[in-house]
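Hi there,

Here is the structure I promised you, with a few notes on its pocket and ligand below. Have a look at it first, then read on.

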Amino acid sequence: MKRIYLDGNSLGPPQGDVLGRIARFVADEWDGQLIGAWNTRGWWDAPITVGERIAPLIGAAAGQTVVGESTTIWLYKLLSAAMHLRPGRLEIVTETGQFPTDRHVIDSVARQFGASVRAVPSEEAAAAVSEQTAVVSLCHVDYRGGRRHDMRAVTAAVHEAGAVMLWDLSHSTGAMDLQLDECNVDLAVGCTYKYLNGGPGSPAFAYVADRHVEVIEQPVSGWVGHADPFSMDEYHRPAPSIRKMLSGTPPVIALAVLDHALDAFDGVDMAVLRSHSTALTERFIERADARLRQHGFIVATPRAPAGRGSHVSLAHDEAYAIVQAAISVGVVGDFREPNLCRFGFAPLYLTIADVEEAVDRLEQLMVDGTYERHEFQVRAAVT
Ligand SMILES: *Cc1c(COP(=O)(O)O)cnc(C)c1O
């Protein structure tokens with residue numbers, strides 16, 4: 001049975017010849033050049049050069065995108081940097097129901113700065129900004145229900161109040177066209193192991209708008225972000241470029257794999273990719289309404305295409321067991337608390353026929369009652 005992978009929003013599958021790329025890396029670069037590869041094979045600049053390959057996918061001109069830390073660590077660095085950009089303002093605004101790591105970091109940066117956190121329902125975030133607010137930190141696409149913010153409108157409202165806008169693009173990047181420069185975004189972070197298919201734990205990217213690069217201060221000054229690292233200067237002098245956001249030695253193997261994964265986006269028009277994504281989610285919602293509603297599923301994702309990202313969540317009381325049963329018939333989605341079956345539609349490699357086949361199989365396992373089997377009720381560590 002063909003596997004229909006609807007979890008590329010959580011961990012993208014390998015694209016192209018990843019094994020070959022890793023083998024060549026080990027043989028030609030690591031073993032072949034040893035320490036010389038830092039210069040001869042571009043290892044030193046990989047966080048910047050790989051960042052420049054992500055830039056066109058997010059609507060960023062050159063010099064503003066860098067890759068290297070996890071999303072969590074970038075959030076910490078950028079939130080701290082945002083607090084420094086707005087001295088005297090002691091509030092961070094965010095939305096309730098944030099992805100846990102985003103909220104955990106927001107809370108810890110607030111503690112460090114003696115700031116308060118104001119968390120409101122996502123649709124009220126723009127209106128909650130005041131002259132106390134230093135930074136507004138939101139997920140562009142919500143990891144649970146898939147609700148998508150209007151990046152342009154929210155960013156404009158945040159600027160109106162004089163605050164800094166930080167977007168988390170983890171569930172957007174690689175599934176849609178984004179216009180960070182055009183929307184005047186200040187700061188952004190995004191995951192690369194979801195729709196970009198960089199591999200488990202591949203390093204995330206950070207975006208810092210050109211106008212902030214010169215003045216921005218990040219909290220983990222390290223030698224890799226130094227203006228002249230091999231001067232072995234005892235005192236830190238930040239690089240006069242996006243490189244200043246880096247801290248320690250970059251994960252070169254992971255960057256090579258991510259670089260390879262990005263080949264799949266060469267020549268892809270992101271607006272066309274977005275319309276395919278919309279067509280996939282539209283068809284899934286249509287079919288879910290027609291065929292799955294009578295089995296207790298409720299579409300929990302916004303129905304207006306502009307209001308959602310590239311995944312669709314269906315609420316069901318037996319969501320956990322259903323997701324397990326679906327995996328056993330080759331439809332791989334995931335479960336999110338409290339009652340969501342989440343299905344990601346990566347537009348890079350899924351077709352309308354995949355969507356239709358997936359709904360057929362979901363309907364069949366509800367008709368057969370497959371999900372009621374005991375083995376599907378037992379919870380694993382990663383859901
Ligand atoms: C996937 C995801 C992360 C992941 O953070 P890591 O540091 O890679 O574990 C963070 N935030 C959001 C919104 C995500 O979707």
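A residue counts as near the ligand here if one of its heavy atoms lies within 4 Å of it. By that rule, the residues around the ligand are Ser70, Thr71, Thr72, Phe99, Thr101, Asp102, Cys139, Asp168, Ser170, His171, Tyr193 and Lys194.

Before the rest, some background: this is a predicted model, where local features need pLDDT of at least 70 and side-chain atom pairs pLDDT 80 or more, while totals for chains, interfaces and linings use all residues. Numbering starts from 1 along each chain as its sequence is written, and side-chain values use heavy atoms, without hydrogens or water.

Now the polar contacts (pairs of N or O atoms within 3.5 Å). Ligand oxygen lies 2.5 Å from a side-chain N or O atom of Thr72 and 3.1 Å from a polar side-chain atom of His171. For Thr71, a polar backbone atom is 3.4 Å from an oxygen of the ligand. The protein buries 85% of the 380 Å² that the ligand exposes when taken alone (accessible areas by the Shrake-Rupley method with a 1.4 Å probe).

What kinds of residue make up this shell? Three are nonpolar, six polar and three charged, with Ala, Val, Leu, Ile, Met, Phe, Trp, Tyr, Cys and Pro counted as nonpolar, Asp, Glu, Lys and Arg as charged, and the others, Gly among them, as polar.

Happy to talk it through whenever suits you.

Best wishes

Key
A polar contact is a pair of N or O atoms within 3.5 Å; within protein, one must be able to donate a hydrogen and the other to accept it, and residues adjacent in sequence count only if both atoms are side-chain atoms.
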